[in-house]
Amino acid sequence: MPYAHITGWGMAVPEPVLTNDDLAKIVETSDEWIRDRTGIRERRIARENEFPSTLGVEASIQALKVANLRPTDLDLIICTSSSPEYFFPATACLIQDQLGATKAGAFDLLAACTGFIFATNMAAQAIRSGSIKNVLVVGTETLSRFVDWKDRNTCILFGDGAGAFVLQASDQPGGVLSAVMHSDGSGGDSLSLPAGGARLPATEATIHEGKHFIHMDGKEVFRFATRVMGRAATEALELAGMTTEDIQWIIPHQANYRIIETAAKYLKMPLDKFIINVDRYGNTSTASIPIATVEAAQKGQLKPGDKVVFVGFGAGLTWGALTAQWTGPLPVKRHVHPEQYRWFARVRSFFRRIIRIIEGIFFRREL
Ligand code: ACO
C-alpha cells in the first residue's frame with residue numbers, strides 16, 4: 001500500500017489589512033476587547049476582484065512549485081471552503097480550469113473549518129487505495145462576504161485567505177499517519193448560514209433579516225471547541241501509536257487563542273509547541289491550518305522528519321485531527337514551472353467555450 005506524503009504547500013492572503021482599530025470604527029468594540037477574548041490583532045480582507053478560486057489558484061501554484069509538479073500531473077483536486085464561489089459549479093472545478101489541471105477530477109468537500117482535515121484525509125485515503133498518485137487539497141475563503149459587518153459578535157473573528165497541500169504517493173514510509181473525523185449534526189444551529197439553501201431560498205425577507213450572513217452562538221461554539229480539540233488530537237495520536245512525547249508540532253485551527261490555550265492544557269503541552277498565527281489572520285476557516293503550516297515551513301520551524309498533529313473544529317458540528325510525518329520537498333530532477341500553465345489554461349478554456357457554442361449550433365441543426 002502506498003504512503004501519502006505531503007510534498008507541496010502554498011498560501012495566499014489578500015493584501016488589505018483590517019486592524020482591530022479599523023473595526024472599532026465600524027462596530028462598538030475595541031482593540032483591547034478583541035485581543036483579550038480572541039488573540040486577534042488584524043485580518044486580511046479580499047479585494048473586489050479576489051475570490052476563493054483566485055486565492056486558491058495562487059496557493060495551489062506555490063504548492064505545485066514546492067512539489068515540483070505540473071498542473072497536468074494532478075489526478076484529483078479537492079477544494080474545501082465555507083464560502084464557496086457558487087453552490088455549483090464546485091470551486092474545485094474553477095481552480096482546475098484556472099490551473100490547467102486537465103487530467104484532474106475535481107470536487108468540493110464541505111465540513112466548515114474542519115474541511116481541510118477531512119479533505120487531506122480523503123486525499124490520503126485515495127492515494128492509499130492505489131488508484132491515484134497526485135492530489136491537490138485547497139482550503140480557500142472569502143468569508144468577509146458572508147459576515148454581517150454590523151454584528152460585533154462575528155465580524156471581529158473572520159478573515160480571508162487560502163492554503164494548499166500537494167499529496168503524493170510514495171513507497172517510503174511516512175506522510176499522513178492517521179486521522180479521525182467526527183460530526184454532531186444536533187449542534188448545527190450554533191454556527192450556520194441560514195438562508196440561500198433549499199430550506200430558505202433567497203427572498204426579500206431573508207435578505208432583510210440578515211439570514212445570508214454567518215450566525216453564531218459564540219459561547220456554545222467556544223464550549224464545544226474546548227471540549228473536542230484536545231480529545232481529537234489524542235485520538236489521532238493513539239491511532240498512529242504515538243503520544244504527545246513523539247510529536248514536534250501541533251498545528252490547530254486558528255479560531256481563538258484561548259481555545260488553543262485550553263487544548264494545550266488538556267494535552268499537557270507547552271504553547272510553544274503550537275503553531276499560532278491567529279493574531280495576524282483571524283479565523284480563515286478551511287484555510288487556517290494550511291496557512292499556519294506554510295508559515296511554519298517557510299520559517300524553518302517544520303523540518304523533514306518532524307511529526308505533526310493537525311487539529312480542527314467547525315460548523316456542522318464537525319471536528320477532527322490528522323497526524324503526519326513532515327516529508328519536506330522531494331529531490332528535484334528537473335524543474336517545472338506550474339505558473340506557466342495558467343496562460344495555456346486561459347486560452348484552452350476560451351477555445352473550449354467556443355467549441356461548445358459551435359457544437360450546440362450543429363446539435364440543434366441535427367435535431
Ligand atoms: N466587542 C466588545 N464587546 C463585545 C464584542 C465585541 N466585538 N462582542 C461581544 N461583546 C460583548 C457581548 O455583547 C457581551 O456583553 P453583555 O455581557 O453586555 O451581553 C460581552 O461582550 C461578553 O460577550 P461573550 O459572548 O460572553 O464573550 P466571550 O468571552 O464568549 O467571547 C467570542 C466571544 C470571542 C465570540 C467567543 O465566544 C468565541 O471565540 N467563540 C468561538 C467562536 C468561533 O471560534 N467560531 C468559529 C468556529 S469555526 C467555523 O466553522 C467557522
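**Aromatic pairs, a buried helix and the ligand site**

Trp9 is buried, and Trp326 is buried as well. In this predicted model, the two residues form an aromatic pair whose ring centres lie 4.7 Å apart and whose planes meet at 45°, an arrangement that counts as tilted. Trp9 belongs to strand E1 (residues 3–12), whereas Trp326 sits in the loop between E13 and H11, so the pair ties together parts of the chain that are 317 residues apart in sequence. The structure holds eight aromatic pairs, and ring pairs link Trp9 and Trp326 with Phe116, Phe165 and Phe310 into a cluster. Another of the pairs is formed by Phe350 and Phe351, with 5.5 Å from centre to centre and 75° between the planes, which makes this pair edge-to-face. Phe350 counts as partly exposed at 47% relative accessibility, and Phe351 is likewise partly exposed, with a relative accessible area of 47%.

Thr327 is found in the loop between strand E13 (318–325) and helix H11 (341–366). With a relative accessible area of 19%, Thr327 is buried, because the limit for that class is set at under 20%. The side chain of Thr327 makes a polar contact of 2.8 Å with the side chain of His5. When neighbours within four places in sequence are left aside, the residues in contact with Thr327 are His5, Ile6, Gly175 and Pro304.

Phe116, named above as a member of the ring cluster, is also one of the buried residues of helix H5. This helix covers residues 115–128, and its 14 residues reach 20 Å from the first C-alpha to the last, close to the 20 Å expected at 1.5 Å a residue. Twelve of the 14 residues of H5 are buried, so the helix is largely enclosed by the rest of the structure. The buried residues include Gly115, Ile117, Phe118 and Ala119 towards one part of the list, and Ala126, Ile127 and Arg128 besides. An α-helix has 3.6 residues a turn, so residues three or four places apart point the same way. Helix H5 is followed by Gly130, whose phi is positive, near 90°.

A ligand is surrounded by 25 residues, of which Thr29, Arg37, Cys113, Lys219 and Asn256 come nearest. Several polar atoms of the protein lie beside polar atoms of the ligand. In the case of Arg37, a polar side-chain atom lies 2.8 Å from an oxygen atom of the ligand, while for Arg258 an N or O atom of the side chain is 3.2 Å from a ligand oxygen atom. Gly218 takes part through its backbone, a polar atom of which is 3.0 Å from a nitrogen atom of the ligand. Taken alone, the ligand exposes 1000 Å², and the protein buries 76% of that area.

Some features of the backbone also deserve description. Most residues other than glycine have a negative phi, and most peptide bonds are trans. Against this background, Asn68 has a positive phi of about 55° although it is not a glycine. Asn68 is placed in the loop between helix H3 (52–67) and E4, and at 15% relative accessibility it counts as buried. Ala112, also a residue other than glycine, has a positive phi near 50°. The place of Ala112 is in the loop between strand E5 (105–109) and H5, and this residue is buried, with a relative accessible area of 11%.

Cis peptide bonds are found as well. One joins Phe88 and Pro89, with omega at about 5°, and Pro89 lies in the loop between strand E4 (76–80) and helix H4 (91–99). A further cis peptide bond, with omega at about 0°, joins Gly316 and Leu317, and the place of Leu317 is in the loop between strand E12 (307–314) and E13.

In contrast to the buried residues described above, Glu32 is exposed, with a relative accessible area of 54%. Glu32 lies in helix H2 (residues 31–38), and its C-alpha atom is separated by 9.3 Å from that of Asp21, a residue eleven places away along the chain.

Methods:
Residues numbered from 1 in each chain as written. Predicted model: local features only at pLDDT ≥ 70, side-chain atom pairs only at ≥ 80, totals over all residues. Heavy atoms only, no water. Helix = DSSP H or I, 4+ residues; strand = E, 2+ residues; numbered from the N terminus. Expected span 1.5 Å × (residues − 1). Buried < 20%, exposed > 50% of the residue type's maximum accessible area, 1.4 Å probe, protein only. Polar contact = N/O pair within 3.5 Å; in protein donor to acceptor, adjacent residues only side chain to side chain. Contact = heavy atoms within 4.5 Å. Near = heavy atom within 4 Å. Areas by Shrake-Rupley, 256 points an atom, 1.4 Å probe, with all protein chains shown as cover. Phe/Tyr/Trp six-rings, centres within 6.5 Å; stacked < 30°, edge-to-face > 60°.
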